[in-house]
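Work through the exercises below with the model open. Try each task before reading its solution.

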Amino acid sequence: MSQAFTKAMARNIFYGGSVFFMLLFLALTFDTHTAWPQRDNHENLTEQVAHGKRLWEENNCIGCHTLLGEGAYFAPELGNAFKRLGGADGIKGFIASRPKDGIPGRRSMPQFNFSEDDLNAIAAFLKYVSEMNTASWPPNIQG
Ligand code: HEC
């Protein structure tokens, strides 16, 4: 009875557990990758959307905002901003109208002086993102 739990048993639990969770991780990764094509909205990926994405990067929007949870927590989540602001006109009007001071508890976004083309592209990019199947994330319209 003295050898209830041996080193060999501990080793087997360690290796067995490691292999089990490694395989589970690989299976879930595979499952996620096979689901993407149905969920990522790539059929609506136009040149205008790509232009919007480029502007998104060049102007470091992610330095203040999150997009689907990734980014900085200074400014609102924009994954569903297209729906929240009521479509392309809402997005364009908002960006063009900044900076706007005096909103209690809120700092204003700076002015970027985008052309009409650029504004359309940013709106198209945010529309594209809002139509991805993210399993209802963000959980509410406020982001
Ligand atoms: C310096 C930080 C900063 C950067 C960079 C920035 N924003 Fe913002 N943005 C804000 C802040 C702060 C708000 C919310 C305050 C307000 O009403 O202006 C906001 C709000 C918004 C909103 C409205 C969100 C809502 O639900 O009310 C949109 C759309 C938006 N930003 C788009 C962009 C885009 C596109 C870029 C890149 C071109 C960008 N932002 C870059 C700070 C930033």
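**Exercise 1. Find which pocket the ligand takes.**
Solution. The ligand occupies the space of the largest pocket. A pocket is an open set of points on a 1 Å grid over the protein atoms alone, with protein on both sides within 12 Å along at least five of seven lines. This is a predicted model: local features need pLDDT of at least 70, side-chain atom pairs pLDDT 80 or more, while totals for chains, interfaces and linings use all residues. Residues are numbered from 1 along each chain as its sequence is written, and side-chain values use heavy atoms, without hydrogens and water.

**Exercise 2. Describe the shell around the ligand.**
Solution. Start with the count: 22 residues surround the ligand, each with a heavy atom within 4 Å. The closest are C61, C64, H65, R84 and M109. Next, sort the shell: 14 residues are nonpolar, four polar and four charged.

**Exercise 3. List polar contacts of the ligand with H65, R98 and M109.**
Solution. Look for pairs of N or O atoms within 3.5 Å.
- H65: a polar side-chain atom is 2.8 Å from a ligand nitrogen.
- R98: a polar side-chain atom is 2.7 Å from a ligand oxygen.
- M109: a polar backbone atom is 2.9 Å from a ligand oxygen.

**Exercise 4. Work out the geometry at the iron atom.**
Solution. First, name the protein donors. H65 (NE2) and M109 (SD) coordinate the iron at 1.9 to 2.0 Å; donors are N, O and S atoms within 2.8 Å of the metal. H65 sits in the loop between α2 (47-58) and β1 (66-67), and M109 in the loop between α4 (88-97) and α5 (116-130), so the pair ties together parts 44 residues apart in sequence. Now check the angles. The six donor atoms subtend 86 to 179° at the iron, so the arrangement is octahedral (opposite donors over 155 degrees apart, all others between 65 and 115).

**Exercise 5. Locate the unusual backbone.**
Solution. Check omega, then phi. R98 and P99 are joined by a cis peptide bond, with omega about 0°. P99 belongs to the loop between α4 and α5. Another cis bond links W137 to P138. P138 falls in the segment after α5. N60, not a glycine, has a positive phi near 55°.

Terms used
A polar contact is a pair of N or O atoms within 3.5 Å; within protein, one must be able to donate a hydrogen and the other to accept it, and residues adjacent in sequence count only if both atoms are side-chain atoms. On a 1 Å grid over the protein atoms alone, a cavity is a set of points where a 1.4 Å probe fits but cannot get out, and a pocket is an open set with protein on both sides within 12 Å along at least five of seven lines; lining residues have an atom within 4 Å of a point. A molecule sits in a cavity or pocket if more than half of its atoms lie within 2 Å of its grid points. Ala, Val, Leu, Ile, Met, Phe, Trp, Tyr, Cys and Pro count as nonpolar, Asp, Glu, Lys and Arg as charged, and the others, Gly among them, as polar. Donors are N, O and S atoms within 2.8 Å of the metal (3.2 Å for Na, K and Ca); water is not among the atoms, so sites may look incomplete. Four donors count as tetrahedral if all angles lie between 85 and 135 degrees; four count as square planar and six as octahedral if opposite donors are over 155 degrees apart and all others between 65 and 115; anything else is irregular. Helices (H or I, at least four residues) and strands (E, at least two) are DSSP runs, numbered from the N terminus.
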